Amino acid sequence: MKDLFRGELVRLTNEEPEAFAKASARWQRDTEYIRLLDSDPVFLYSEKQFKDWVEKRFENSGPERHQFTVRTLAEDKLIGFFGLYVDPIHGDGMVGLGIGERDFWSKGYGTDMMNVCLRYAFLELGLERVSLGVFEYNPRAVRSYEKAGFRLEGRTRQDAHREGKRYDSLWMGILREEWLQKNGELQ
């Protein structure tokens with residue numbers, strides 16, 4: 001069996017709230033990063049505010065939330081996070097991820113993060129599908145998700161507003177069987 005929490009470039013971790021809050025507070029000062037991550041207006045938060053938020057989220061986490069921080073294998077550098085929110089009744093998961101360290105953008109780290117996430121979702125949690133939403137103004141993420149095996153399933157037209165323009169949200173998904181075939185698990 002493979003190490004469940006290790007990819008080719010990254011490994012999943014669970015940082016202490018202080019470490020994750022410090023990194024998150026720094027990342028959120030990069031407005032492009034925040035805008036790629038969320039459609040809400042950009043706000044600045046202190047390390048303490050992030051720490052309080054992280055502690056509350058983990059306190060109220062429950063079995064439906066699987067949250068990880070992500071470190072590189074080569075440098076052991078904290079670069080991002082992902083969350084997988086599971087609907088246990090339907091065997092469905094919704095994933096969200098972010099890479100806060102710009103030096104690691106467009107170098108395969110996001111695809112590797114997603115591959116680790118999908119392995120965890122399908123082999124460990126036994127999910128039948130994983131879904132995500134992404135803004136059309138983030139073509140880098142769309143390409144990364146397609147490399148991981150996601151397919152476009154739909155769009156919500158002009159629901160995001162950025163810098164005076166309207167953008168669509170794209171909805172993508174991958175089924176367990178598709179992932180197994182892509183990864184040579186099904187013959």
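The following exercises, each with a worked solution, concern a predicted model of one protein chain.

**Exercise 1. Overall fold**

Task: Determine how many helices and strands the chain has and in which pattern they follow one another, then establish how its radius of gyration relates to that of a compact globule.

Solution:
- Step 1. The count of secondary structure elements gives 6 helices and 7 strands.
- Step 2. Read along the sequence, these elements follow the pattern β-α-α-α-β-β-β-α-β-α-β-β-α.
- Step 3. For 187 residues a compact globule would have a radius of gyration near 16 Å; the chain has 16 Å, so the two agree.
- Step 4. Along the principal axes, the C-alpha atoms fill a box of roughly 50 × 40 × 35 Å.
- Step 5. Of the 187 residues in the chain, 46% are buried.

**Exercise 2. Helix α4**

Task: Compare the span of helix α4 with its expected value, and decide from its buried residues how far the rest of the structure encloses this helix.

Solution:
- Step 1. Helix α4 covers residues 109–124, which is 16 residues.
- Step 2. From its first C-alpha to its last, α4 reaches 21 Å, close to the 22 Å expected at 1.5 Å a residue.
- Step 3. A residue counts as buried when its relative accessible area is under 20%. In α4, 13 of the 16 residues are buried, so the helix is largely enclosed by the rest of the structure.
- Step 4. After α4 comes Gly126, which has a positive phi, near 70 degrees.

**Exercise 3. The second largest pocket**

Task: Describe the second largest pocket by its volume, by the residues nearest its centre and by the character of its lining. Which element gives the most to this lining?

Solution:
- Step 1. The volume of the second largest pocket is about 260 Å³.
- Step 2. Its lining has 14 residues, and Lys2, Glu8, Asn115, Arg119 and Asn183 are those nearest the centre.
- Step 3. The greatest contribution to the lining of this pocket comes from α4, with 5 residues.
- Step 4. By character, the lining divides into 6 charged, 4 polar and 4 nonpolar residues.

**Exercise 4. Salt bridges across the sequence**

Task: For the pairs Arg11 and Asp76, Arg102 and Glu32, and Asp168 and Arg155, locate each partner and state whether it is buried or partly exposed.

Solution:
- Step 1. Side chains of opposite charge can pair when their charged atoms come close. The structure holds 11 salt bridges.
- Step 2. Arg11 and Asp76 meet in one of them, at 2.4 Å from N to O. Arg11 belongs to strand β1 and Asp76 to the loop between β2 and β3, so the pair ties together parts that are 65 residues apart in sequence. Arg11 is partly exposed at 26% relative accessibility, and Asp76 is partly exposed at 38%.
- Step 3. In the salt bridge between Arg102 and Glu32, the closest N and O atoms are 2.5 Å apart. Arg102 lies in the loop between β4 and α4 and Glu32 in helix α2, 70 residues apart. Arg102 is partly exposed, with a relative accessible area of 40%; Glu32, at 35%, is also partly exposed.
- Step 4. Asp168 and Arg155 form a salt bridge whose closest N and O atoms are 2.7 Å apart. Asp168 is in strand β7 and Arg155 in strand β6, 13 residues apart. Asp168 is buried, with a relative accessible area of 11%, whereas Arg155 is partly exposed at 44%.
- Step 5. Through salt bridges that share partners, Asp30, Glu32 and Arg102 are joined into one network.

Notes. Residues are numbered from 1 along each chain as its sequence is written. This is a predicted model: local features need pLDDT of at least 70, side-chain atom pairs count only at pLDDT 80 or more; totals for chains, interfaces and linings use all residues. Side-chain values use heavy atoms; hydrogens and water are left out. Helices (H or I, at least four residues) and strands (E, at least two) are DSSP runs, numbered from the N terminus. The expected span of a helix is 1.5 Å times one less than its number of residues. Buried means under 20% relative accessible area, exposed over 50%, partly exposed in between (1.4 Å probe, protein chains only). On a 1 Å grid over the protein atoms alone, a cavity is a set of points where a 1.4 Å probe fits but cannot get out, and a pocket is an open set with protein on both sides within 12 Å along at least five of seven lines; lining residues have an atom within 4 Å of a point. Grid points are joined across faces, edges and corners, and a volume is the space filled by probe spheres set on the points. Ala, Val, Leu, Ile, Met, Phe, Trp, Tyr, Cys and Pro count as nonpolar, Asp, Glu, Lys and Arg as charged, and the others, Gly among them, as polar. A salt bridge is a side-chain nitrogen of Lys or Arg within 4 Å of a carboxyl oxygen of Asp or Glu. The radius of gyration is taken over C-alpha atoms; the globule rule is 2.2 Å times the number of residues to the power 0.38.
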